[in-house]
Amino acid sequence: MFKSMPNQRCATLPRYYFDIRDNTGLYPDEEGLEFGTQREAEVEAAQTLSGLARDLGRTT
């Protein structure tokens with residue numbers, strides 16, 4: 001899940017937050033990342049999810 005919130009420090013780039021939820025709970029992203037476009041945020045979310053899935057596969 002990601003959400004965009006206005007960035008108080010820099011009005012030009014939106015900050016996106018990538019919360020993670022699994023069967024044990026919700027882990028909110030308290031820092032977020034800045035992206036120039038929503039598409040860039042979506043690509044980052046997809047790459048991060050892919051990495052999490054890959055890492056999870058290695059631990060089981």
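Here are some notes on the predicted model shown above, going from the overall fold to individual side chains.

1. **Overall layout.** Bear in mind throughout that this is a predicted model. The protein chain has 1 helix and 5 strands, and if you read along the sequence they come in the order β-β-β-β-β-α. The helix, α1, covers residues 38–59. Strand β2 takes in residues 15–18, β3 takes in residues 20–22, and β5 takes in 33–34.

2. **Burial and surface.** How much of the chain counts as buried? The figure is 18% of the 60 residues. The chain exposes about 4,900 Å², and carbon and sulfur atoms supply 55% of that area. On contacts, look at pairs of residues at least 6 apart in sequence: 15% of those contacts join residues at least 24 apart.

3. **The aromatic cluster.** The whole structure has 2 aromatic pairs. In one of them, the ring centres of F18 and F35 sit 6.3 Å apart with the planes at 90 degrees, so this pair is edge-to-face. F18 belongs to strand β2, while F35 is in the loop between β5 and α1, so to speak a link between distant parts of the chain, 17 residues apart. Both rings belong to buried residues: F18 has a relative accessibility of 16% and F35 has 11%. Y16 joins in too, as ring pairs link Y16, F18 and F35 into a cluster.

4. **R15, a buried arginine.** R15 is in strand β2. Is this arginine buried or exposed? Its relative accessibility is 11%, and the cut-off for buried is under 20%, so R15 counts as buried. The side chain of R15 has polar partners, including the backbone oxygen of E31, reached at 2.7 Å. Another is the side chain of E34, in a polar contact at 3.2 Å.

5. **The R15–E34 salt bridge.** The contact between R15 and E34 is also a salt bridge, with the closest N and O atoms 3.2 Å apart. Because E34 lies in strand β5 and R15 in strand β2, the pair ties together parts that are 19 residues apart in sequence. The two ends sit in unlike surroundings: E34 is partly exposed at 31% relative accessibility, whereas R15 is buried at 11%.

6. **Salt bridges within the helix.** The structure holds 3 salt bridges. Where do E42 and R39 lie? Both are in helix α1, 3 residues apart, which is about one turn of the helix. Their side chains meet in a salt bridge at 3.9 Å, N to O. If you check that pair against the salt-bridge cut-off, the limit is within 4 Å, so 3.9 Å passes. E42 is partly exposed, with a relative accessible area of 32%, and R39 is exposed at 56%.

7. **The other helical pair.** D55 forms a salt bridge with R58, the closest N and O atoms being 3.5 Å apart. D55 and R58 also both lie in helix α1, 3 residues apart, or about one turn of the helix. D55 counts as partly exposed at 40% relative accessibility, while R58 is exposed at 62%.

8. **Two aspartates to look at together.** D19 lies in the loop between β2 and β3, and D22 is found in strand β3. Which of the categories, buried or partly exposed, applies to D19? D19 counts as buried, at 9% relative accessibility. Its side chain reaches the backbone nitrogen of D29 at 2.8 Å. D22, at 38%, counts as partly exposed, and its side chain makes a polar contact with the side chain of T24 at 2.6 Å.

9. **A nonpolar patch outside.** Which residues form the nonpolar patch on the surface? They are I20, Y27, L49 and L52, with about 380 Å² of accessible area together. I20 is placed in strand β3 and is partly exposed, with a relative accessible area of 39%. Patch members need over 30% relative accessible area, so I20 clears that bar at 39%.

Technical notes. Residues are numbered from 1 along each chain as its sequence is written. This is a predicted model: local features need pLDDT of at least 70, side-chain atom pairs count only at pLDDT 80 or more; totals for chains, interfaces and linings use all residues. Side-chain values use heavy atoms; hydrogens and water are left out. Patches are made of residues with over 30% relative accessible area and no salt bridge: like charges are joined within 9 Å, nonpolar side chains (Val, Leu, Ile, Met, Phe, Trp, Tyr) within 5 Å. Accessible areas come from the Shrake-Rupley method with a 1.4 Å probe; for residues, only the protein chains shown count as cover. Helices (H or I, at least four residues) and strands (E, at least two) are DSSP runs, numbered from the N terminus. Buried means under 20% relative accessible area, exposed over 50%, partly exposed in between (1.4 Å probe, protein chains only). A polar contact is a pair of N or O atoms within 3.5 Å; within protein, one must be able to donate a hydrogen and the other to accept it, and residues adjacent in sequence count only if both atoms are side-chain atoms. Rings of Phe, Tyr and Trp (its six-membered ring) pair if their centres lie within 6.5 Å; planes under 30 degrees apart count as stacked, over 60 as edge-to-face and the rest as tilted. Contact means heavy atoms within 4.5 Å.
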